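I'm opening my notebook on a new structure. Here is what I looked up, entry by entry.

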Amino acid sequence: MPRTGLPELFRGFSDYDAYVDAMMLSGAIPDASHLWWAIRPSLKYPTLELRAPDCCTRLDDTIAIATLYRVLVRFLYTHPEHNTGIDVVDRAIAVENKWRAQRHGAQGTFATRSGTVTVGDLLDHILELTATDAEALACREQSEQCRAIILEGTSADAQLRIFAENERERENIALHNVTRWIRDATLLA
């Protein structure tokens with residue numbers, strides 16, 4: 001799908017603005033809100049929008065991911081030299097890792113230039129790297145909650161487990177139980 005997934009590797013706002021202008025002039029999009037990337041600049045606010053928390057069933061997971069995002073943004077803002085060497089190879093690896101995360105979830109691995117790393121190990125590294133930022137934002141506990149997602153699994157993991165536990169009875173019962181779990185997990189938040 002066009003204009004989805006990870007954004008292109010723009011070197012600055014002028015590159016981004018040139019892309020948006022070209023898409024608008026060509027009639028491909030009416031405005032930048034039609035860029036459905038996983039992360040994008042907001043049209044309304046001076047912020048970046050992260051789309052991943054939109055799909056979390058459990059409130060604690062949503063808060064943990066949004067908090068980690070906030071901490072990462074602060075880290076990158078206070079360390080502008082970090083990631084200045086990112087190139088097309090790194091972006092291609094990031095695209096691969098987005099697919100791996102979607103396919104294998106929290107128990108998967110990510111590709112790096114030096115080999116694979118587990119999601120848990122990468123999270124540990126990121127939490128260590130951004131610990132000062134989490135303290136400055138007074139949200140270390142919330143960002144550490146990401147470890148619980150790794151240990152307990154995601155909402156998708158729970159749904160698959162519930163379906164597998166119930167599919168021998170009848171498929172519609174299994175789906176009903178998954179739906180009930182989603183309802184309860186959402187309402188209990």
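Before counting, I needed a rule: helices are DSSP runs of H or I with at least four residues, and strands are runs of E with at least two. I also kept in mind that this is a predicted model.

Entry: overall build. With that rule I got nine helices and six strands for the protein chain. I then checked the C-alpha trace, which spans about 55 × 45 × 35 Å along its principal axes.

Entry: inside and outside. The protein chain has 189 residues, and I found that 28% of them count as buried. The exposed area came out at about 12400 Å², with carbon and sulfur atoms supplying 57% of it.

Entry: contacts. I took the contacts between residues at least 6 apart in sequence, and 51% of those join residues at least 24 apart.

Entry: charges. I counted 20 positive and 27 negative charges in the protein chain. Their mean positions sit 4 Å apart.

Entry: cysteines. How many disulfides does the rule give? The count comes to zero. I wanted to know why Cys146 has no such bond. Its closest cysteine sulfur is in Cys56, and that is 9.3 Å away. A disulfide needs the two sulfur atoms within 2.5 Å, so this pair is too far apart for a bond.

I looked up how covered these two residues are as well. Cys146 is buried, with a relative accessible area of 6%, whereas Cys56 is partly exposed at 22%. The cut-off for buried is under 20%, so Cys56 misses that label.

Methods. Residues are numbered from 1 along each chain as its sequence is written. This is a predicted model: local features need pLDDT of at least 70, side-chain atom pairs count only at pLDDT 80 or more; totals for chains, interfaces and linings use all residues. Side-chain values use heavy atoms; hydrogens and water are left out. Buried means under 20% relative accessible area, exposed over 50%, partly exposed in between (1.4 Å probe, protein chains only). Contact means heavy atoms within 4.5 Å. Accessible areas come from the Shrake-Rupley method with a 1.4 Å probe; for residues, only the protein chains shown count as cover. Lys and Arg count as positive and Asp and Glu as negative; His and the chain ends are not counted. The place of a charge is taken as NZ of Lys, CZ of Arg, CG of Asp or CD of Glu.
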